Amino acid sequence: MSTRTRTIGPTEDMLGSGPIAHTTGGSVRGFRAGPVDVWRGIPYAGAPAGPRRFARPQPPEPWSGVRDCTEFGEIAPQTMGDMVPVDSGLKMGEDCLWVNVWAPSGEPARPRPVMVWLHGGAFCLGTAAQRIYDGRHLAETGGVVIVGVNYRLGALGFLDLSSLGADFVPNLGLHDQIAALEWVRDNAEAFGGDPGNVTIFGESSGAGCVTALLTSPRAAGLFHRAIAQSPPATTVFGADRAAGVARRFLDLMELPPERAGELLECPIERIVEAAGTLLDEVPVQSPGRLAAAPVVDGDLLPTYPTDRFARGRSHRVPLIIGTNRDEASLFRLFRSPILPVTPDAVNTMLEAIAEENPGMSHERIAEIASAYPDLAKTRGALAMSGDAAFRMPAHWVADAHSRHTRTWMYRFDQATPMLKAARVGAGHATELPYIFGNFGSFDHDPTFWLGGRKAAMEVSGRMMRRWLAFAEHGVPAALDGSKHWPPYREAGRATLVVDSTDQVIEDPDHNLYTAWGDQAVGFS
């Protein structure tokens, strides 16, 4: 960490061409967007390429002068798909460890809360450069500093190749996120932020990273509040399974184990192509599984996060956690193999879960299935799949975390008339534009084709205010006359149901608890 004295917040460029912040790596110039200063592509680590391709992130080389940070950096190598829309103008490459920062212009009267965003994308897709994650509205509305983190994905970030040799480190995506949080700790003041008040928040696999970091000893003290939106908290795998996936990856790369070191030198395009095949292949052959995901490595993740939560070993930081009512609908719409959405695939998933959890009796499997009377139809299969992947993991985490730390549970039910007509409803990720205030960030966005904009904007305002109040005070009070949101306690399981009118409902998913039980289940 640099020892030089720095002012709180950025300074004005004497030439008037953009705000300048003085970071530990060097000075960075951004640009002004109305009342918000913006920096893009600030490196928090060096390029993990060549011999560093599968290694832990290292600090970037310091630079002299002022570095221009007005354009996005390279996005993590990945196989593009329709499920996660990415601007075609973005460049893919291995120099992908960077952050975007949005901060209210001007010197703050006191350091501002910092919110650090971890994007989703099934641990293999997406980037902090997606338009929907633009933090300007949040920064302006709440007077907070927003940091969006870009990190390694897929084979480079969440495929555990450590069984192939010492050159390969597991959980590199999580290591990248920890490095970014260390960068925030050391540099928040340069943007007017408070390093002692950092909230991490994420959605889908980004929320899965949040729940993993909540149980990682390596992340202790790096954040002070957490928000997990639709977290696949049980999607964490063991070493044996990871080794089998690694062998299959080598097969696709046409490399024998003794030549695994060639992965450090081969063209990145070959790795992306093989990883794309693997990432599609695994969930088709084994419904409910992913090829790339966090793994229990005995270090960053000492054991399964749900076990750590159950044993009271999660970090004592306030938590908001929740899911969307119709989680699986979007996977059906995009015909994505990531989530099983047909009756046959869901039954195969259930059988595999039973095999990998010896304590699960046939009676318990039957009891779970009984909660879904339409299981033989697509509707029932969708409900079961979404609950197994997102709803129940979120509840298991909330139950355990709330035993020792303030926790709030929500369920997002809001859907516009068009999304209801398209049978998407409150599908996976549909809360994102409400949280960021970024409606219309997708090309040909159909969200309001049948109206509903006014109601959506009102819901968005309430959610933004709750998230921002939580970041500043640790309590998600909208402070605008909105419905009081009481903390979640295991005995009553009070849940804020977010819709055109918010409601607090006691134990809205009681039948699911009865069927699934309070013991977390998933793949090992």
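A strand here is a DSSP run of E with at least two residues, a helix a run of H or I with at least four, and both are numbered from the N terminus. With that in hand, let's work through some exercises on this predicted model.

**Exercise 1. Find where D507 sits along the chain, and work out whether D507 is buried or exposed.**

Solution. Start with the elements on either side: β15 covers 503-506 and α15 covers 510-516, and D507 falls in the loop between them. Next, check the backbone. D507 isn't a glycine, yet its phi is positive, near 45 degrees. Last comes accessibility. The cut-off for buried is under 20% relative accessible area, and D507 has 18%, so D507 counts as buried.

**Exercise 2. Now do the same for R493: which loop holds R493, and is R493 buried or exposed?**

Solution. The loop in question runs between α14 (453-473) and β14 (494-498), and R493 is found there. R493 is another non-glycine residue with a positive phi, about 55 degrees in this case. Its relative accessibility is 14%, so R493 counts as buried.

**Exercise 3. Count the disulfides, then say why C266 can't be in one.**

Solution. Recall what you're looking for: a disulfide is a covalent bond between the sulfur atoms of two cysteines. To count, you need sulfur pairs within 2.5 Å. The tally is zero disulfides. Take C96, whose nearest cysteine sulfur belongs to C209 and is 14 Å away. For C266, the closest cysteine sulfur is that of C96, and because the gap is 15 Å, it's too far for a bond. Both cysteines are tucked out of reach of the probe to some degree: C96 counts as buried at 1% relative accessibility, and C266 counts as buried at 8%.

**Exercise 4. Describe the second largest pocket: its volume, and which element gives the largest share of its lining.**

Solution. Begin with the volume, about 680 Å³. The lining has 26 residues, and those closest to the pocket centre are R325, D326, R379, L382 and A383. Two or more lining residues come from each of α8 (329-333), α11 (378-401) and α15. Among these, α11 gives the largest share, with eight residues. Sorting the lining by type gives eight nonpolar, six polar and 12 charged residues.

**Exercise 5. Classify two of the aromatic pairs by their ring geometry.**

Solution. The structure holds 19 aromatic pairs. For F201 and F436, the ring centres are 5.9 Å apart and the planes meet at 25 degrees; stacked means under 30 degrees, so this pair is stacked. F201 lies in strand β10 (residues 193-203) and F436 in helix α13 (residues 432-436), so to speak of distance along the chain, they are 235 residues apart. Both F201 and F436 are buried, each at 0%.

Now try W408 and F470. Their ring centres are 5.9 Å apart with planes at 80 degrees, so the pair is edge-to-face. W408 is in strand β13 (residues 407-412) and F470 is in helix α14, 62 residues away along the chain. W408 is buried at 2% relative accessibility, and F470 is buried at 0%.

**Exercise 6. Which residues join F201 and F436 in a cluster of ring pairs, and where does the charged end of R67 sit?**

Solution. The cluster links W117 and Y133 with F201 and F436. As for R67, its charged end sits over the ring of W63, 4.9 Å from the ring centre. R241 also lies over a ring face, that of F237, at 3.7 Å from the centre.

Methods. Residues numbered from 1 in each chain as written. Predicted model: local features only at pLDDT ≥ 70, side-chain atom pairs only at ≥ 80, totals over all residues. Heavy atoms only, no water. Buried < 20%, exposed > 50% of the residue type's maximum accessible area, 1.4 Å probe, protein only. 1 Å grid on protein atoms, 1.4 Å probe; cavity = no way out; pocket = protein on both sides within 12 Å on 5 of 7 lines; lining within 4 Å. Points joined across faces, edges and corners; volume = space filled by probe spheres on them. Nonpolar A, V, L, I, M, F, W, Y, C, P; charged D, E, K, R; others polar. Phe/Tyr/Trp six-rings, centres within 6.5 Å; stacked < 30°, edge-to-face > 60°. Lys NZ or Arg CZ within 6 Å of the ring centre and 35° of its normal.
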